[in-house]
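Welcome! Take a moment to look over the sequence and turn the model around on your screen. Then let us walk through it together.

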Amino acid sequence: ERTTQDTPVLYVTTAATTPEQRAEALDAGVDGLLALPADELTIRAHLRAMARRKAHSRAGRSLVEQRS
């Protein structure tokens, strides 16, 4: 849905998650994956990186829409 399509999704899981489960989550559309335990600095860095990617994607779509 348009109201949520720009919302970054970070999948936070345990280290016990299998590679297949992580791949499935990424294939389902999550933007990032983080295995716990993770420190706050790393979590915040992941969130900033995801926000940058979403902003870049959003800017590209806006430019395409303006040209249409």
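## Starting before the first strand

Let us begin with proline 8, which sits in the segment before β1. This residue is partly exposed, with a relative accessible area of 33%. Leaving aside residues up to four places away in sequence, proline 8 touches Asp31, Met50, Ala51 and Lys54. Proline 8 and arginine 53 are 45 residues apart in sequence, yet their C-alpha atoms are 8.9 Å apart in space.

Serine 57 offers another example of chain parts meeting across the sequence. This serine belongs to helix α2 and is partly exposed, at 33% relative accessible area. Its C-alpha atom is 8.5 Å from that of aspartate 6, although their positions lie 51 residues apart along the chain.

## How far to trust the model

Please keep in mind that this is a predicted model. The mean pLDDT of the protein chain is 83, and 82% of its residues reach 70 or more. Which element has the highest mean pLDDT, and which the lowest? Helix α1 comes out highest with 92, while α2 is lowest with 80. Where pLDDT is low, the predicted coordinates should not be read in detail.

## The overall plan

How many helices and strands does the protein chain have? There are two helices and two strands, and along the sequence they follow the pattern β-α-β-α. Strand β1 covers residues 10-14 and strand β2 residues 32-36. Helix α1 spans residues 19-28, and helix α2 spans residues 40-67.

Now for some totals. Of the 68 residues in the protein chain, 15% are buried. The accessible surface is about 5,200 Å², and carbon and sulfur atoms account for 57% of that area. Among contacts with a separation of 6 or more, 35% join residues 24 or more positions apart.

## Two strands and a helix

Do the strands invite a closer look? In what sense do β1 and β2 pair? They pair in the parallel sense, over five bridges. You can follow the pairing on your screen: leucine 10 has glycine 32 of β2 as its bridge partner, and tyrosine 11 stands opposite leucine 33 in β2. Together, β1, helix α1 and β2 make a right-handed β-α-β unit.

Threonine 13 is a good residue to click on in strand β1. Is threonine 13 buried or exposed? Threonine 13 is buried, because its relative accessible area is 9% and the cut-off for buried is under 20%. Not counting residues up to four places away in sequence, this threonine touches Leu33, Leu34, Ala35 and Leu36.

Helix α1 tells another story. One of its 10 residues is buried, so this helix lies largely in the open. Just after α1 comes glycine 29, which takes a positive phi of about 120°.

## Two salt bridges

The structure holds two salt bridges. In one of them, lysine 54 pairs with aspartate 31, and the closest N and O atoms are 3.4 Å apart. Lysine 54 lies in helix α2 and aspartate 31 in the loop between α1 and β2, so this pair ties together parts that are 23 residues apart in sequence. Lysine 54 is buried, at 17% relative accessible area, whereas aspartate 31 is partly exposed, at 26%. You have met both residues already, since proline 8 touches Asp31 and Lys54.

The other salt bridge joins the side chains of arginine 44 and glutamate 40, with 2.7 Å from N to O. What separates these two residues within helix α2? They are four residues apart, so about one helical turn lies between them. Arginine 44 counts as partly exposed, with 48% relative accessibility.

## A cis bond to look for

Finally, follow the chain out of the second strand. Proline 37 has its place in the loop between β2 and α2. The peptide bond that leads from leucine 36 to proline 37 is cis, with omega near 5°. Leucine 36 is also one of the residues that threonine 13 touches.

Notes. Residues numbered from 1 in each chain as written. Heavy atoms only, no water. Pairing = 2+ DSSP bridges. Right-handed = clockwise from strand over helix to strand, strands pointing away. Salt bridge = Lys/Arg side-chain N within 4 Å of Asp/Glu carboxyl O. Buried < 20%, exposed > 50% of the residue type's maximum accessible area, 1.4 Å probe, protein only. Contact = heavy atoms within 4.5 Å. Areas by Shrake-Rupley, 256 points an atom, 1.4 Å probe, with all protein chains shown as cover. pLDDT = per-residue confidence, 0-100.
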